[in-house]
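Welcome! Let's get to know this protein together through a few questions and answers.

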Amino acid sequence: MLKANYHTHTTYCDGRSTPEEMVLRAIELGFEHLGFSGHVDIDPVMDVPAYLAEITRLQEKYRGRIDILRGGELDNMYPDRRPAGFEYLIGSVHHMRSGDQVLAVDWSEEQLLCLLNEGFGGDGLKLCRAYFRLIAETYHRGSCAWIGHFDLVTRHNHSLHFVDEEDPAYLASAREVIEYLVGEDLPLEINTKQAHWGKLYPGAPMLKALRELGGEIVISSDAHHISELDKGFDRAAALARSCGFDHANILVRGPRGLEFAQVAL
Ligand SMILES: [Zn+2]
Ligand SMILES: [Zn+2]
């Protein structure tokens, strides 16, 4: 089973455990790799130099026991598209614009409703289409190792029902962007942050499309607390297998720096 996680938040951004607590828990779980991905974002705002210094300190302290990677989760609204000091970046879209407002798609139902109604005239399909296109554009402008939570825009769809996630038009708009990303050799993440209520980002239809198009996956827990480091990994692996994947990817240190290696599912 997977003994690595690369999507990890800490008290330096919106996590509830310190980086060192995360390292100790990862060692307890038998992890060989632990990647930190503090938010490089407009909200939450992180003290990037302090964060990088602490992760670097832990890399030294635990060298030989676990491979610690100094990453970040780069948001689409962050002004610097190639921030220095990170060994890898996850490309994520959390925010969208509506007029002069910047609203988060996942933070609250209120913000999502405001975005939907004021930015997209209540048309959920239009909102999702714009969200997926923003992912492609974000990658095009930046530099990242893979895409985080591809369909995070559906975070509140179970309660607000603003889009039919089985609608062929919805899936086609996602597929178009997935095809572009696969062409760029960019894996998609299966994000298990909401696995406790059965939600994985993305779900089976998009993962099947990714597989058909020859794409690759990374499994991430998006942990904000030590109890979440390997949360939902079994569920994500089962979903991936059911969609035709026989391996996931992890980041390892190769002769030319970080590179992907395959782990059987
Ligand atoms: Zn995120
Ligand atoms: Zn995250």
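A residue is called buried when its relative accessible area is under 20%, and exposed when that area is over 50%. Keep in mind that this is a predicted model.

Q: Is D222 buried or exposed?
A: D222 sits in the loop between β9 (217-220) and α8 (233-242). Its relative accessibility is 4%. Since buried means under 20%, D222 counts as buried.

Q: Which sign does the phi of D222 have, and about how large is the angle?
A: Most residues other than glycine have a negative phi. D222 is not a glycine, yet its phi is positive, at about 50°.

Q: Is D185 buried or exposed?
A: D185 also calls for a look at its backbone: it is not a glycine, but has a positive phi of about 60°. Its place is in the loop between α6 (168-183) and β8. With a relative accessible area of 69%, and the cut-off for exposed being over 50%, D185 is exposed.

Q: Which residues does K199 touch, leaving out those up to four places away in sequence?
A: K199 lies in the loop between β8 (188-191) and α7 (204-212). Because its relative accessible area is 12%, K199 is buried. K199 and T154 are 45 residues apart in sequence, with their C-alpha atoms 9.9 Å apart in space. The residues that K199 touches are T154, E165 and Q194.

Q: Which residue does a cis peptide bond join to Y201?
A: Most peptide bonds are trans. In the loop between β8 and α7 we find P202. The bond here is cis, with omega about -10°, and it joins Y201 to P202.

Q: What is omega near for the peptide bond from D43 to P44?
A: P44 has its place in the loop between β2 (33-40) and α2 (48-61). The bond from D43 to P44 is cis, and its omega is near 5°.

Q: How many residues lie between β10 and β11 in their hairpin?
A: Strand β10 (residues 247-254) is mostly covered, with 6 of its 8 residues buried. It runs antiparallel to β11 (residues 257-264), and 8 bridges join the two. One bridge pairs R253 with L258 in β11. Between the two strands of the hairpin there are 2 residues.

Q: What radius of gyration does the protein have?
A: The protein has 8 helices and 11 strands, and 56% of its 265 residues count as buried. A compact globule with 265 residues would have a radius of gyration near 18 Å. The protein agrees with that, at 18 Å.

How values were computed. Residues are numbered from 1 along each chain as its sequence is written. Chains are lettered from A and ligands numbered from 1 in the order in which they are written. This is a predicted model: local features need pLDDT of at least 70, side-chain atom pairs count only at pLDDT 80 or more; totals for chains, interfaces and linings use all residues. Side-chain values use heavy atoms; hydrogens and water are left out. Buried means under 20% relative accessible area, exposed over 50%, partly exposed in between (1.4 Å probe, protein chains only). Helices (H or I, at least four residues) and strands (E, at least two) are DSSP runs, numbered from the N terminus. Two strands pair if DSSP finds at least two bridges between them. The radius of gyration is taken over C-alpha atoms; the globule rule is 2.2 Å times the number of residues to the power 0.38. Contact means heavy atoms within 4.5 Å.
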